[in-house]
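User: Could you walk me through this model and explain how the terms are earned?
Analyst: Happily; have a look at it first.

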Protein chains: 2
Amino acid sequence: MGFFQEQAVTSSDKTFFRLREEIVEGEISAGAKLSEVELSTKYEVSRAVVREAINRLEACNIVERKANVGARVVTLTAEGLLELYQIREALEGMAARLAAQNMPETEIDKLSNLLDDQFELVKQGQSYYQEAGDLDFHYRIIVGTQNQQLITMLSNGIYHLARMYRVQLGMTGPRVTTAYDEHKHIVKAIANRDGELAEILMRRHIQYSKNNIAVKLSKM
Amino acid sequence: MGFFQEQAVTSSDKTFFRLREEIVEGEISAGAKLSEVELSTKYEVSRAVVREAINRLEACNIVERKANVGARVVTLTAEGLLELYQIREALEGMAARLAAQNMPETEIDKLSNLLDDQFELVKQGQSYYQEAGDLDFHYRIIVGTQNQQLITMLSNGIYHLARMYRVQLGMTGPRVTTAYDEHKHIVKAIANRDGELAEILMRRHIQYSKNNIAVKLSKM
DNA sequence: TATAATAAAATTGTCGACAATTTTAGATTT
DNA sequence: AAATCTAAAATTGTCGACAATTTTATTATA
């Protein structure tokens with residue numbers, strides 16, 4: 001699952017990545033209190049380092065912090081999910097439009113080939129490639145926008161939150177083949193340099209994903 | 001200029017707000033190095049407090065930081081401006097759409113009246129109300145979405161960056177009357193609960209703003 | 001003189017301790 | 001017994017000092 005690998009140079013970085021992973025992957029559960037002393041002993045770093053990591057998690061909307069009280073892992077709600085996907089729809093729709101303008105031909109080809117490969121795997125029943133493949137698809141389009149701020153915003157902020165929802169709702173692999181078709185159409189629009197269509201298709205794609213998750217969430 | 005006043009409870013908060021203001025309003029210039037010791041003596045707080053403030057500025061994309069080297073105020077470029085407005089177009093377009101769905105009638109009425117009042121002031125030549133008025137207009141629509149994540153994202157992140165550009169390019173008040181008409185049409189679409197139109201109009205409005213700034217930027 | 005290696009200075013990263021605030025537990029009162 | 005006030009414990013916020021890294025200044029070499 002490693003495209004966009006961020007490299008941890010400082011101790012705070014490492015702690016931040018580690019903590020984020022534990023939260024996003026559900027080892028630290030939603031709503032849990034993040035005690036600074038507890039985490040500093042657990043990770044064997046100073047409290048200052050943990051504090052810095054928590055601050056960064058707060059900026060990513062993964063934890064909420066109250067002054068003089070502390071930080072808690074964000075609690076997942078149906079409203080929160082809806083809000084998040086409204087934002088994704090806007091940003092990734094724009095991303096598809098911009099990718100149609102700016103993505104190099106070679107990258108579009110690679111993306112197209114990638115989809116074909118994934119389809120082969122899915123046909124053979126290897127559906128565990130699905131999630132990583134989906135993430136890769138979206139990420140390549142984001143990068144194709146060549147909008148650095150958008151890239152940062154989505155890959156640092158939105159995706160980890162979105163994954164947190166999926167993990168905690170146990171959504172590891174539905175909707176494989178339908179998503180594949182949607183992906184195909186989006187790439188075709190990008191290859192045709194039709195930004196308007198690419199945006200429309202991407203927005204629909206994300207709406208479908210949202211509905212798919214919302215159904216699961218309502219059954220809890 | 002104070003709607004959405006954030007309240008500073010801790011010392012880090014105060015330092016963050018103060019530092020952000022100095023940067024956004026141009027007292028600390030673009031590209032400037034932010035020395036931790038220098039700022040801690042200037043503001044009479046510890047280095048830890050300054051560090052925390054700088055971290056938060058980094059999360060807002062107002063400063064860039066390199067490990068073991070330090071933080072610098074982001075440098076304004078034509079590309080950066082373009083990127084920022086592409087994001088604004090996507091997010092605020094969606095905001096207008098959601099406001100058409102969710103904004104209470106009373107709030108829409110207030111917004112409409114506000115525009116009329118502003119128009120009166122502008123007719124009398126008091127154009128210095130323009131910028132605050134514009135900001136207020138956009139902010140009310142954002143809040144009208146009732147999407148908390150979107151509200152946070154825009155009011156914490158995007159607007160300060162956008163203002164930074166305007167200040168440093170000396171854009172204190174052009175495009176008053178044309179913007180007024182655009183605002184009027186957007187509010188009308190929201191009042192009609194026509195989300196699709198509201199989004200289209202808002203996106204155009206932001207495109208015009210961008211072009212207006214881009215022209216100035218190209219003359220530097 | 002220009003370049004490279006080296007040492008000194010300055011800056012950021014990390015740590016443990018103290019201060020301020022909040023939370024918990026116990027005592028007091030009705 | 002329930003509610004309120006008080007004191008202790010625990011947690012977060014802030015600070016100054018030390019460690020690690022980068023930058024600058026100096027010296028040595030081609």
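**Reading the contacts**

Analyst: By class, the surface near DNA strand C holds seven nonpolar, eight polar and five charged residues. Ala, Val, Leu, Ile, Met, Phe, Trp, Tyr, Cys and Pro count as nonpolar, Asp, Glu, Lys and Arg as charged, and the others, Gly among them, as polar. This is a predicted model: local features need pLDDT of at least 70, side-chain atom pairs count only at pLDDT 80 or more, and totals for chains, interfaces and linings use all residues. Residues are numbered from 1 along each chain as its sequence is written, chains are lettered from A and ligands numbered from 1 in the order in which they are written, and side-chain values use heavy atoms, leaving out hydrogens and water.

User: What makes a residue "near" DNA strand C, and how many residues surround the strand?
Analyst: One of its heavy atoms must lie within 4 Å of the strand. DNA strand C is surrounded by 20 residues, with Thr10(A), Ser11(A), Ser46(A), Arg47(B) and Arg51(B) the closest.

User: Why does Ser11(A) have a polar contact with DNA strand C?
Analyst: A polar contact is a pair of N or O atoms within 3.5 Å (within protein, one must be able to donate a hydrogen and the other to accept it, and residues adjacent in sequence count only if both atoms are side-chain atoms). A backbone N or O atom of Ser11(A) is 2.5 Å from a phosphate oxygen of DNA strand C, so the pair qualifies.

User: Why is the pair Arg163(A) and Glu25(A) called a salt bridge?
Analyst: The term needs a side-chain nitrogen of Lys or Arg within 4 Å of a carboxyl oxygen of Asp or Glu. For Arg163(A) and Glu25(A), the closest N and O atoms are 2.8 Å apart, so the name fits. The count between domain 1 of chain A and domain 2 of chain A is one salt bridge.
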